[in-house]
Amino acid sequence: MPAPTRPSSTGAGFVEVADRVFVARYPQWDVNVGLVLGRDGAVVVDTRASDREGGQVLDDVRRLGRDIEVRHVVNTHVHFDHTFGNAAFDAATVHAHDNVGRTWRADEQRIKVAFRADPGDGPEFGYTAADAAEVLATVVRGPDRTFGSHATIDLGDRVVTMTYAGRGHTDGDVAVLVPDTAALFLGDLIEESAHPSFGGDCWPLEWSDTLTTHLLDVEERTVVVPGHGRAVDAAFVERQRDDVATVAAVIRERRLGGMRLEAAVHEADDRLPYPLGDLDAAFRRGWEQLAPPSP
């Protein structure tokens, strides 16, 4: 789930951001869905948070053209707001990283437990109690095909590539590239409408390196679609990569310097680019991933 987002204009359907590459931005969880059209069908990138919301995506695709056949879905990572709509695309093959194939069942249970405990409105995330109920009612569909480092979807007159460069927001984040038009979907490795979300399954010490690798596919003209918010450019990705690297540097400094965790999560530092209260999980995960110095 993303960090709370600022108000935005969403729900306008698909907008073309590059040649036959579209993005729709939806108000619930302020999430982006991508669409890539080719001669031999279409790819949808992420599917929203419930089977009903996935059906709305499919309706929006059909508004672009009744003859568009969605043959493939790519999940950029495991989180529910990007995957629970998979069930609406019963004619499509769902692709994701190997780690998503291993963890989607456990993540489904995790988020459903959270919503059962707090099923009310979440205005800071743009959802209602009715939306939460739909999340709980969804029979979740996992990936049909998974891959380790790289995979390709052939759409006849163009290809769509999926690349895993390492852990970051989760352990299964992938980038989806349309090489002929320099459009890149980065999921929640990048967010525009809020700062990056450091949750209980993040890898804060590796995140910036993962982005550095993906930046090799980013040109000056590249349109980068984040998991949440407006499309951005290479400079935005570089700035956010550097901010994530700063978070990692502070975590390393405190952990290896012998600071206690409960002190580290409460001690302010002007170098930190995001509110300290939103970095609690980042510090705790970093503490788990770093061994203390030898005596």
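**Cavities, a buried glutamate and two paired strands**

In this predicted model, Glu-192 sits in the loop that connects β11 with α5 (207-214). Is Glu-192 buried or exposed? Its relative accessible area is 9%, and because values under 20% count as buried, Glu-192 belongs to the buried residues. The side chain of Glu-192 has a partner as well: a polar contact of 2.8 Å links it to the side chain of Arg-230.

The strand that comes before this loop, β11, leads to a neighbouring topic, its pairing with β12. These two strands run parallel and are joined by five bridges. One pair of residues to look for is Glu-191 and His-228, since His-228 of β12 stands opposite Glu-191. Between the two strands the chain passes through α5, and the resulting β-α-β crossover is right-handed. How many of the residues of β12 are buried? Six of the six are, so β12 is largely enclosed by the rest of the structure. A general point helps when looking at any strand: where a strand is regular, its side chains alternate between the two faces of the sheet.

After β12, in the loop that leads to α6 (234-256), comes Ala-231. Ala-231 has a relative accessibility of 43% and is therefore classed as partly exposed. Along the sequence, Ala-231 and Val-17 are separated by 214 residues, yet their C-alpha atoms are 8.2 Å apart in space.

The next topic is empty space inside the model. A probe the size of a water molecule, rolled over the atoms, shows where such space is left. Here, two cavities of 30 Å³ or more are found. The largest cavity holds about 70 Å³ of space. Its lining is made by 13 residues, and those closest to its centre are Val-78, Thr-83, Trp-104, Val-140 and Arg-141. Which element gives the largest share of this lining? Helix α3 (residues 98-117) does, with four residues. Sorted by class, the lining of the largest cavity consists of six nonpolar, four polar and three charged residues.

The second largest cavity has a volume of about 40 Å³. Among the residues that line it are Asn-32, Val-33 and Gly-34, together with Phe-185, Gly-187, Val-225, Pro-226 and Gly-227. Three elements give two or more residues each to this lining: β3 (31-38), β11 (183-191) and β12 (223-228). The paired strands β11 and β12 thus come back into view at the wall of this cavity. Its lining divides into five nonpolar, five polar and one charged residues; Asp-46 is also found in this lining.

Finally, the backbone deserves a look. Most residues other than glycine have a negative phi. Which values do Arg-20 and Asp-30 have? For Arg-20, phi is positive, near 55°, and Asp-30, likewise not a glycine, has a positive phi of about 45°. Each of these residues lies in a loop: Arg-20 between β1 (15-18) and β2 (21-26), and Asp-30 between β2 and β3. Their surroundings can be described through accessibility. Arg-20 counts as partly exposed because its relative accessibility is 25%, whereas Asp-30 has a relative accessible area of 2% and is therefore buried.

Definitions and conventions. Residues numbered from 1 in each chain as written. Predicted model: local features only at pLDDT ≥ 70, side-chain atom pairs only at ≥ 80, totals over all residues. Heavy atoms only, no water. 1 Å grid on protein atoms, 1.4 Å probe; cavity = no way out; pocket = protein on both sides within 12 Å on 5 of 7 lines; lining within 4 Å. Points joined across faces, edges and corners; volume = space filled by probe spheres on them. Nonpolar A, V, L, I, M, F, W, Y, C, P; charged D, E, K, R; others polar. Buried < 20%, exposed > 50% of the residue type's maximum accessible area, 1.4 Å probe, protein only. Polar contact = N/O pair within 3.5 Å; in protein donor to acceptor, adjacent residues only side chain to side chain. Pairing = 2+ DSSP bridges. Right-handed = clockwise from strand over helix to strand, strands pointing away.
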